[in-house]
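Welcome! Let us take a friendly walk through a protein model, from its overall form down to a few of its residues.

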Amino acid sequence: MHRLLAATLTVAVAAALAVGAALGIVALLNATPDQPNRPLVHYESPERDQ
């Protein structure tokens with residue numbers, strides 16, 4: 001009976017740790033700030049009155 005209880009507790013703790021790690025990773029990914037959508041290279045537009 002001791003081994004069954006230890007195995008059950010081990011499975012429960014492992015499942016709780018896995019869920020906690022998954023939620024933590026999702027929270028970290030959502031916490032990153034959005035990057036501005038600006039081009040790195042900007043070309044001057046040609047003058048229209050040439």
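Helices, of at least four residues, and strands, of at least two, are DSSP runs, numbered from the N terminus. With that in mind, the protein has 1 helix and 0 strands. Its radius of gyration is 27 Å, well over the 10 Å that the globule rule gives for 50 residues, so the protein is more spread out than a compact globule. Please remember that this is a predicted model.

**Overall form**

Taken along the principal axes, the C-alpha atoms fill a box of roughly 90 × 10 × 10 Å. How much of the protein counts as buried? Of its 50 residues, 0% do. The accessible surface comes to about 5400 Å², and 66% of that belongs to carbon and sulfur atoms.

**Two residues to find**

Now pick out Ala21 and Val41 on your screen; the table puts them side by side.

| Residue | Where it is found | Relative accessibility |
|---|---|---|
| Ala21 | helix 1 | 42%, partly exposed |
| Val41 | segment after helix 1 (2-31) | 53%, exposed |

Why do the two get their labels? Exposed means over 50% relative accessible area, and buried means under 20%, with partly exposed in between. Val41, at 53%, therefore counts as exposed, while Ala21, at 42%, counts as partly exposed.

Ala21 also offers a distance to look at: its C-alpha atom and that of Arg3 are separated by 27 Å, and these residues are 18 apart along the chain.

Val41, for its part, belongs to a group on the surface. Together with Leu40 and Tyr43, Val41 makes a nonpolar surface patch of about 450 Å².

Terms used. Residues are numbered from 1 along each chain as its sequence is written. This is a predicted model: local features need pLDDT of at least 70, side-chain atom pairs count only at pLDDT 80 or more; totals for chains, interfaces and linings use all residues. Side-chain values use heavy atoms; hydrogens and water are left out. Patches are made of residues with over 30% relative accessible area and no salt bridge: like charges are joined within 9 Å, nonpolar side chains (Val, Leu, Ile, Met, Phe, Trp, Tyr) within 5 Å. Accessible areas come from the Shrake-Rupley method with a 1.4 Å probe; for residues, only the protein chains shown count as cover. A salt bridge is a side-chain nitrogen of Lys or Arg within 4 Å of a carboxyl oxygen of Asp or Glu. Buried means under 20% relative accessible area, exposed over 50%, partly exposed in between (1.4 Å probe, protein chains only). The radius of gyration is taken over C-alpha atoms; the globule rule is 2.2 Å times the number of residues to the power 0.38.
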